[in-house]
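Each turn below asks what lies behind a label, and the reply sets the value against the cut-off.

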Amino acid sequence: MEAATAGPSIPDAIAAATRHQPRARATLAAALTSPGHAYIFRGPSGSGKAAAARAFRAEPLARGAPDPEDARRRTLLDPSPHPDLVWLRPPGAQHMVEDVRESVIRASSLSPSEGEHRVFVIEEAEDLRDESQNALLKTLEEPAPFAHLILVCSEPELLAETILSRCTPVEYGPLAPDAVLDALGAGEEAATAARLSGGDIELARLLLGERGTELRAIAEAAARAARGADGGGGEPSRPMLEAASEAGEEAGAAEERRLVEEAEVGARRGRKGKLTREAIEQVRRTERRARTQALDLGLALCCAWYRDLAAVVSGAEDVVLNADRLDQLAEDAKGLEPARARAAVEWVLDTRRRLRVNVSEELALEALWLRLAATLAG
């Protein structure tokens, strides 16, 4: 079934995934007419790249298949049972080199099990190690005629130029708040989540959920503590660290359950039925990744609070992100100079950058709140 569009018609799934992304839609419409071997879906997190890649992956596999509609249907399932599709996600902070070698590089040389094509998708391609990128380069330079590679990437600057230059870019921009709100539904909470998300629809959904609501409250309390009478005493960042640790533990437990299920299936097939050392390390990586992401989100919410303080002090309430907290912002803004609020934003951004290079989280946050207290209370 086809969706009516300007120019070449495109499948409904791709049309839906590119509804707010006209540049990506135009590129994919052209790719359906004249398909290439390598694409990179690039743009901010939550802008719809992965959804578009899931929709687009079905088209090469449908071409030349004995039953194109059935091939497309199976490919659009998540997870997909199609034997000629590989979707690779990083198990932790980075993709494993061996996973890339076995699941993509070696497998891309094998003939299709069905139809005429095979598709390999690497999600969060920015987390490919240099060794993986170097190994992948030959596959991009000399692809098998039936192989199609799709990279999904939020930070293309972390990929080698030799990788980028061999992929057709499918450009995604951040979604406008109205587009995010359209996906979330009406309501003041949804409108606030849409503004705070920065165009990331998955983040907006998280902020509307129980964990996101809790983390926002923790971040707000920590941000306001630096402006309080005690100058942020009493470790205001401690609840944020605890919430991040809890998020990491939950993600690690979920990954462990998944790996145990895989091991049990392997045991029924005659392989070892217990977790390997590599699997245990994978659980730890998953836990660290989730903890780091949750902590970064908490700091991003603090950053949004100080940005809003600067806006309120400057008389620009119409651009406030935390519009449902105007009374609290007005209270914190009393007697505050705009330059001090902007300086607080810079301090938080600096800490977010430093946490990416494995500095001590506790020490970094302790130092941050001392600086915030000195900046905002001065």
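Q: What makes the buried residues of helix H8 lie on the same side of the helix?
A: In this predicted model, H8 spans residues 177–184, and its buried residues are Ala179, Val180 and Leu184. Around the axis they cover an arc of only 140°, which puts them on the same side of H8. An α-helix has 3.6 residues a turn, so residues three or four places apart point the same way.

Q: What covers the buried residues of H8?
A: The cover includes helix H9 (188–196) and helix H10 (201–208). After H8 comes Gly185, with a positive phi near 105°.

Q: Why is Glu59 called buried?
A: Buried means under 20% relative accessible area. Glu59 has 7% relative accessibility, so Glu59 counts as buried. Glu59 is part of helix H3, residues 49–62. Leaving aside residues up to four places away in sequence, Glu59 touches Pro11, Ile14, Leu32 and Arg72.

Q: Why does Gly46 count as buried?
A: The cut-off is again under 20%. Gly46 comes to 17% relative accessibility and therefore counts as buried. Gly46 is placed in the loop between S3 and H3.

Q: Which residues does Gly46 touch, not counting residues up to four places away in sequence?
A: They are Leu175, Gly199, Asp200, Ile201 and Glu202. Contact means heavy atoms within 4.5 Å. Between the C-alpha atoms of Gly46 and Glu202 the separation is 5.2 Å, although the two residues are 156 residues apart along the chain.

Q: Why is Glu124 called partly exposed?
A: Partly exposed is the range between the buried limit of 20% and the exposed limit of 50%. Glu124 has a relative accessible area of 27%, so Glu124 is partly exposed. Its place is the loop between S5 and H6.

Q: What is the phi of Glu124?
A: The phi of Glu124 is positive, about 50°, although Glu124 is not a glycine. Most residues other than glycine have a negative phi.

Q: Why is strand S5 described as largely enclosed by the rest of the structure?
A: S5 covers residues 118–122, and 5 of its 5 residues are buried, so S5 is largely enclosed. Both faces are covered: Arg118, Phe120 and Ile122 are buried on one side, Val119 and Val121 on the other.

Q: How do you know that S5 pairs with S4?
A: Pairing requires at least two bridges. Strand S4 (residues 85–88) and S5 run parallel and are joined by 4 bridges. Leu88 has Ile122 in S5 as its bridge partner.

Q: What joins S5 to S6?
A: S5 pairs with strand S6 (residues 147–153) in the parallel sense, over 5 bridges. Phe120 has Leu149 in S6 as its bridge partner. From S5 the chain crosses through helix H6 (residues 130–141) to S6, and this β-α-β crossover is right-handed.

Q: Why is S3 said to be largely enclosed by the rest of the structure?
A: Of the 5 residues of S3, 4 are buried, so S3 is largely enclosed.

Q: What are the pairing partners of S3?
A: S3 is parallel to S6, with 5 bridges between them. Phe41 has Val152 in S6 as its bridge partner. S3 is also parallel to strand S7 (residues 168–171), with 4 bridges. Here Ile40 has Pro169 in S7 as its bridge partner.

Q: Which members of the largest nonpolar core touch the most other members?
A: Among its 53 residues, they are Met240, Leu299, Tyr306, Leu309, Trp369 and Leu372. Helix H13 (residues 277–313) supplies the largest share of this core, 14 residues. The residues that Tyr306 touches beyond four places in sequence include Ala222, Ala226, Val348, Leu372 and Leu376. Apart from this core lies another, of 24 residues, among them Leu136, Leu140, Leu164 and Cys167.

Q: Which elements have the lowest and the highest mean pLDDT?
A: Strand S1 (residues 2–3) has the lowest, 40, and strand S3 (residues 38–42) the highest, 94. Over residues 1–8 the pLDDT is below 50, and this stretch has 13 contacts in the model beyond near neighbours in sequence. The protein averages 86, and 92% of the residues score at least 70.

How values were computed: Residues are numbered from 1 along each chain as its sequence is written. This is a predicted model: local features need pLDDT of at least 70, side-chain atom pairs count only at pLDDT 80 or more; totals for chains, interfaces and linings use all residues. Side-chain values use heavy atoms; hydrogens and water are left out. Buried means under 20% relative accessible area, exposed over 50%, partly exposed in between (1.4 Å probe, protein chains only). Helices (H or I, at least four residues) and strands (E, at least two) are DSSP runs, numbered from the N terminus. The arc is that of the directions from the helix axis to the C-beta atoms. pLDDT is the predictor's confidence in each residue, from 0 to 100. A crossover is right-handed if, with the strands pointing away from the viewer, the path from the first strand over the helix to the second runs clockwise. A nonpolar core is a set of buried Ala, Val, Leu, Ile, Met, Phe, Trp, Tyr and Cys residues joined through side-chain atoms within 4.5 Å.
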